[in-house]
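Q: Please take a close look at the aromatic rings in this structure. Then walk me through the parts around them and beyond, in short steps.

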Amino acid sequence: MTALNNVSWDEFQKLSLADKARYLMSEGIPVHALIAQQFERDDLDKLGDLTTRIRQISKTREGSLFLSGMLSHKRAMLYFTQPSTRTFLSFCAACQILGIKTGEVRDTATSSEFKGESQEDSVRTFSSYFDMIVMRSQIGGLAERMAWVLSNGDRPVPIINAGSGKDQHPTQALLDIYTLQRSFENTGGIDGKTIVFVGDLARGRTVRSLAWLLTKYENVRLCFVAPEPLQIGPDVTDQLDAVGTQWEKTSEFAESIPDADAIYMTRVQDEWDVEKGESAKIDTSAYCFTPAHLLELGENAVIMHPFPRRNEISTEVDRDPRAVYWRQMRNGMWVRAALIAEIFGCKERIDSYSEEPPG
Ligand code: NCD
C-alpha cells in the first residue's frame with residue numbers, strides 16, 4: 001500500500017512531487033494536504049462543489065448550526081511560525097464554521113523550540129492534544145517531514161501545509177482555483193483560458209502551487225511576466241513542459257493584459273533576499289496594475305492577488321467588478337472549511353443535508 005508509514009524518510013524525500021502525491025491521498029481523500037501535486041482535476045471539481053454547498057448551507061441559522069456540529073468533537077493546532085494574516089484567520093474561521101476548537105503557536109520564542117526542542121518533538125506534542133495540525137513555516141518541505149513523522153508515530157493526525165518556505169502553498173492554490181472556477185462559470189470554465197502571473201515569480205510559493213493545478217485544465221496558457229531576476233524558474237517550467245502545458249515568459253506587462261482571462265498579481269518577496277536590499281535594486285515599477293490598465297483588460301477577465309499587496313494594484317482598481325481579490329480572500333475560508341470537512345470524512349453528510357424542514 002502507498003502510505004507514509006510504508007516508506008522510509010530517505011526514500012520519500014527523494015521522490016518526485018508526482019510520486020510523493022501517491023502517498024498523500026486515500027480513495028480521493030487527502031490524508032495530509034501538503035502539495036498541489038496531490039490534487040487531480042476530479043478532486044478540484046469535488047472540492048469546489050463542496051465549498052459552494054458549505055457556503056449555501058451556512059446562509060441560514062439552522063444550516064450554520066448543522067455545520068458547527070459537524071466536527072465539534074475535534075481540536076486543531078494552528079502552528080504558524082511565519083507571519084500570516086489571511087491564511088491564519090481563514091483557517092481559524094474555517095474551523096469555527098465546522099465547530100472545531102483551535103489552539104495556536106505563532107512564534108517559536110513562546111514555545112519550547114526556544115529551549116532547543118526539535119520541530120519533530122514539538123509537532124508530536126501537538127498531536128498528543130490535537131486532531132489536526134495546520135502549519136506554516138519558512139522552512140521548505142517541513143510540513144512533508146512532519147507528516148511523515150506523525151504517520152510513523154502513534155498519533156497519525158493530518159497535517160495541512162499552510163505555506164512552506166518558497167516551495168508550496170497548496171491551500172492558496174485551491175482557493176485560487178475555486179475563484180477561477182466561479183469567475184468563469186458562465187464563460188466555459190477554466191479550460192482554454194490564459195492566466196497571466198505578474199511580479200515575484202522566482203520566490204512566490206502561491207504561483208508555484210497554482211501553476212501546477214492549472215495544468216489539470218485543457219488548453220490553458222500560462223504567461224509569466226516579471227523582470228528577469230524575478231522570473232519563474234525551470235523547476236516550474238520543466239514541470240509544465242513535462243505535461244505539455246503551454247507557457248511563455250515576458251518582461252512586458254502592458255502587452256500581456258489584453259489577452260488575459262485572469263491576471264494574478266504578486267508582491268516582491270524581499271524577505272528571501274540573500275543580501276540585504278537586493279530586491280530594492282530591481283525596478284518593479286512597471287509591474288503594477290493601475291486604473292489605466294483597466295481599459296486594456298477584457299470585459300470578462302478578472303484581477304487576482306493572494307495578498308498582502310504593497311503597490312502592485314492601486315486601490316482605485318478595487319471598485320472595478322473585475323477586481324476579485326477581496327472575494328478570492330473570502331473564498332479561502334470556505335475552501336479551507338471544505339478541505340477540512342473532506343479530510344475528516346464529512347462530505348456525504350454535508351451533501352445530504354436538506355434545507356427543507358422534515359415534513
Ligand atoms: C502569500 C504567502 O504567504 O505566500 N500570502 C498568503 O498566504 N495569502 C503571499 C505573500 O506573502 O506574498
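A: Lys20 lies over the face of Phe12, and the distance to the ring centre is 5.6 Å. This comes from a predicted model. Phe12 also belongs to an aromatic cluster, together with Trp9, Tyr23 and Trp148. Trp9 has a charge over its ring too: the charged end of Arg145 sits there, 5.1 Å from the centre. So two rings of this one cluster, Phe12 and Trp9, each have a charged side chain over them.

Now widen the search. Across the whole structure, eleven aromatic pairs are found. One of them is formed by Phe66 and Tyr353. How is such a pair described? A pair of aromatic rings is described by the distance of the centres and the angle of the planes. For Phe66 and Tyr353, the centres are 4.2 Å apart and the planes meet at 25°, so this pair is stacked. The cut-off for stacking is an angle under 30 degrees.

Where do these two residues sit in the chain? Phe66 is in helix α4 (residues 61–70), while Tyr353 is in the segment after α14 (347–351). They are 287 residues apart, so the pair links distant parts of the chain. Their exposure can be checked as well. Buried means under 20% relative accessible area. Tyr353 has 15%, so Tyr353 is buried. Phe66 has 24%, so Phe66 counts as partly exposed.

Next, the sheets. Strands of a sheet pair through backbone hydrogen bonds, either parallel or antiparallel. One open sheet here has four strands, in the order β4-β3-β5-β6, and its pairing is parallel. β4 (101–105) and β6 (159–164) are the edge strands, each pairing on one side only. From one strand to the next, the twist averages 15°. Inside this sheet, β3 (residues 75–80) and β5 (residues 132–137) pair in the parallel sense over five bridges. Ala76 stands opposite Met132 of β5. Helix α6 (residues 119–129) lies across β3, β4, β5 and β6. Its direction is at about 155° to β3.

Another open sheet has five strands. Their order is β9-β8-β7-β10-β11, again with parallel pairing. The edge strands are β9 (246–250) and β11, and each pairs on one side only. Neighbouring strands of this sheet are turned by 20° against each other on average, direction ignored.

Go along the five strands. β8 (residues 221–225) and β9 pair in the parallel sense over five bridges. Leu222 stands opposite Trp247 in β9. Strand β7 (residues 194–198) runs parallel to β10, and four bridges join them. There, Val198 has Met265 of β10 as its bridge partner. β10 is also joined to β11 (residues 302–304), by three bridges, and these two run parallel. Ala262 stands opposite Val302 in β11.

What covers the two sides of β10? In a regular strand the side chains alternate between the two faces of the sheet. In β10, Ala262 and Tyr264 are on one side, with Ile263 and Met265 on the other. All four are buried, and both faces of β10 are covered.

A helix lies across this sheet as well. α9 lies across β7, β8 and β10, at about 170° to β7. Trp212 is in α9 (residues 205–214). At 10% relative accessibility, Trp212 counts as buried. Setting aside neighbours within four places in sequence, Trp212 is in contact with Ala36, Gln37, Gln239 and Val243.

After β10 comes a loop, which leads to α12 (291–294) and holds Gln269. Gln269 is buried too, with a relative accessible area of 13%. Not counting residues up to four places away in sequence, Gln269 touches Asp200, Arg203 and Gly204.

Finish with a helix, α8 (residues 170–183). Its 14 residues should span 20 Å at 1.5 Å a residue, and its end C-alpha atoms are 20 Å apart, which agrees. Is α8 mostly covered or mostly open? α8 is mostly covered, because twelve of its 14 residues are buried. Among them are Pro170, Leu174, Tyr178 and Gln181.

How values were computed. Residues numbered from 1 in each chain as written. Predicted model: local features only at pLDDT ≥ 70, side-chain atom pairs only at ≥ 80, totals over all residues. Heavy atoms only, no water. Expected span 1.5 Å × (residues − 1). Buried < 20%, exposed > 50% of the residue type's maximum accessible area, 1.4 Å probe, protein only. Phe/Tyr/Trp six-rings, centres within 6.5 Å; stacked < 30°, edge-to-face > 60°. Lys NZ or Arg CZ within 6 Å of the ring centre and 35° of its normal. Pairing = 2+ DSSP bridges. Axes fitted to C-alpha atoms, helices over the stretch in contact; angles between N-to-C directions. Contact = heavy atoms within 4.5 Å.
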